[in-house]
Amino acid sequence: MPPLDGMATGTGELLAVTGLNVSYGESKVLFDVNLHIGANEIVACVGRNGAGKSTLLKSIAGFLKLNSGTVTCNRVNLVGRMSYDIAKMGIKYVPQDKKVFSDLTVQENLELGSYATKDYNWDRVTDYFPKLKALMERKAGFLSGGERQMLMIARALLGHPKLLLIDEPTEGLAPSIVSHLREVFRELNKAAALVIVEQNLPLVCAIANRVYALKEGRIVAELADAASIRADVCEKYL
Amino acid sequence: MSAQLLTSGVIFGLSIGSIFFLMAIGLSLCFGLMRIISLDQLLYYSVGAYLTYSLTLVTGNVWLGVLGGVVVAGIVSFAVERLIFRRIYERELTFSMITSFGVLIGGIGVIKFFWGVVPRPVPVPLMAQIDIIGTEVPVYRLIVVAIAFLVYAGIWLFLNRTITGKAIRAGIENVEHVEGLGINVSRLFTITFIIAGALSGLAGGLHAPLIMVDPSMGLEVLAFVFMVVIIGGLGSIKGTLISAFIVGQVVSLGSLIYAPLAQMAPFAIMLLILLVKPTGLYGSPLLKR
Amino acid sequence: MAAMVNAWRWWWGILLAFFLVGLSRLFLPLPFIIEVLIFSIYTMGCSFLLGRVGFISFGQPAYLAAGAYGTAFYLFYFGSNPYVGILIGILSGLAVSGIVGPLFVRLRSDYFALVNLALAVIIYYLMQKVLAGITKGDNGLWFLTNIASTPVLDLGKPDHFFIFSILVALAIWAFYKYLDDSVFGACCLATKINEDKLKFLGYSNYGVRLLAFVIANTTTALAGAMYAVYLGFVSPEITSPARAADPVVVTILGGTGTLFGPLVGAIAYTGMKDVISKLIGNWELFIGFLLVFIMLAGEKGIWGTLQPWLERLFSRKKASPAAGEGAGARQ
């Protein structure tokens, strides 16, 4: 059980969020959220639909305007930066919608990942997903759901990100692909921190170092020890 | 109808369709990527035409004038994008439509200020005629058609072979994901807007020798450009090309049969197509952002 | 008694507004006020479409022309009673919007805007060239002398026409205020904000939009008919694409979707037009940049900015006798 031995958490703080408040127009979504992520952690966010998990990731990635609060990465302030700037700093957001650029080929999708980062080493990222190697010339619109998710993650990996924010990666995917993704996440964790929004509890239990539980826009629990995560304590927050 | 009349009618339709295409492509690209309706493209068309007129007066060379028109139209569109559109990308579609109409009307005022209201003639750069199946056809009109196809090929290459073009295509599908990959989307927007403005300027410059240049010339082609964009489908380059030539032929051949048809027939066709397919021939259903 | 108080409360804003307009007759030229009144009716439809249904229409001149030409044809070729003329103008507006409406309201808002503007241009060509035989092309139809004098309100006399326009405007405003308060008004707003939810409630978006479209454009046609009778002359210029933006500009200038926005906007617009065209003569330059400025400044318009301020003023006045010393202390 490599991820749960507590080693990874001790390597210093990568991302810190304090006092985060976010609203969509009139309706407030996040209330005073505080969290931190260590440099080699896998952190899972769980909670019901509408608890504000995706909003949290999008806020960190710079897609939403914050009402108040601070977000820092290695003590560098992220608030007010454009989202492409944050992505360039190595914080990549992988959205939930599994929408690849369907009119572009797989290779062109990867090219766009390389555009900003100047990292053209596609072999490295497709090594995680050998299936993609055979599909390079195919239009991404013709990929299956699992292949799209792989492509989105592969695309985000270009440029060696130090933090990956992955939104519901396994939603609607076949079990075999989920277990493949689980191995990939473990592998990725050697070089980057991961924040994963996930409803799939077995996966969360298997890979997460820590779990934040969100309810109605607030963090209601932080489960840091392996035992309580594994004991499915977080189930009560779903 | 005689074959000669028909041939010259078809050539006329092709050339006018080319002008429509060059203008509509800007509207279409801006809608596709930025989700704005940029009515001010019609201003850049007038700017291109007026610059062609003035530079032709100064240098005596129409082509130099057209080139100047393209450059200045590009510069003006760059300024407008930076000063105005930058602030309204996030807003609803109607917002950009109203604002750009303001830019168009205001720009017409500026043109009146500099050039007055008297229509100006621009000489045709090539007076030569060429024989096509027994009909004398002005070479200039053929050149206009050739330029339109060159532009289409250029746009196609740009969108499919360059990384910036690929990013624009990706952005047409989903701008947020492009941004999430670390690509500066607002720069893409600026590039697209300048391309659109410059092409509208090119349309104006090429059209200038065929018509009289006057301040409200943009408003005169407005309805046709709209019909082209609507028939082709907002956001589709291929649809724009096809519908531009449809509208061009309908205008030209229609007026051969019965003069008022030139204006009415494209409108009827547009209504028909909308009845069958409310998003135009190649338009995609509205992608909500 | 209570009903009367309620009725008064419902009416007093409208009555006050038009009382002020009527009062301005004492110090403003008559043509100016009549222009303002007709223009505000013209804009009402556009404001309703944009503010309540979310349809932006650059094609209002098309419906204005439908009304104006309906009236003009009657008064030029057939009859002489201006009231009948106006009625025919309204009916022709109803007919035109009834014919194109079912097709147009199916469209997405962006296509709707483009198609409407195209319609305005087409009607312009239609009136200028295609039907030149009966519309006399650019020369226009002149029928001022055909208009017969009528008892009570003689529309041939500017003074009487002024009273007539105030009465019509009052009726229009009451009608639109009633619409705003009704279920239909709520449905319109709902189709603007979220069409799916309206569907779930069991209303048809299509029906709501079609009705709103027809109502708004018939109002516009009424304004066209009034122009025709007032000026005694109609030419294709009325639907010129260069003027397509006028109602939209006035709508936004006044404050989109507000009840008094069209009136305030029409006063400001007509006033500025008179002053500016005398001063600098370059009207387009001014109106274009004004439009851009209003949009960038937050699109609330004059009335939208004034309204909260006025409400605060009035509520303080009403509150002060009751609050007694509290209000005094505040001052």
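Chains B and C share the most contacts of the two pairs of chains in contact. Chain A and chain C do not touch, and their nearest C-alpha atoms lie 14 Å apart. The model is predicted.

**Strands of chain A**

Strand β1 of chain A spans residues 13-24 and is mostly covered, with nine of its twelve residues buried. β1(A) pairs with two strands, β2(A) and β4(A), as set out below.

| Strand paired with β1(A) | Residues | Sense | Bridges | Opposed residues |
|---|---|---|---|---|
| β2(A) | 27-38 | antiparallel | eight | V17(A) and L35(A) |
| β4(A) | 66-73 | antiparallel | six | N21(A) and S68(A) |

The hairpin formed by β1(A) and β2(A) has two residues between the strands, and G25(A) takes a positive phi near 60° there. Within β2(A), L35(A) stands opposite V17(A). On the β4(A) side, S68(A) is the bridge partner of N21(A).

**Cysteines**

A search of the whole structure, over all chains, finds zero disulfides. A disulfide is a covalent bond between the sulfur atoms of two cysteines.

Why does C187(C) form no bond with the closest cysteine sulfur? That sulfur belongs to C188(C) and is 7.1 Å from the sulfur of C187(C), which is too far for a bond, because a disulfide requires the two sulfur atoms to be within 2.5 Å.

Is C187(C) buried or exposed? C187(C) has a relative accessible area of 5% and is therefore buried, since the cut-off for buried is under 20%. C45(A), at 1% relative accessibility, also counts as buried.

Notes: Residues numbered from 1 in each chain as written. Chains lettered and ligands numbered in written order. Predicted model: local features only at pLDDT ≥ 70, side-chain atom pairs only at ≥ 80, totals over all residues. Heavy atoms only, no water. Buried < 20%, exposed > 50% of the residue type's maximum accessible area, 1.4 Å probe, protein only. Contact = heavy atoms within 4.5 Å. Helix = DSSP H or I, 4+ residues; strand = E, 2+ residues; numbered from the N terminus. Pairing = 2+ DSSP bridges.
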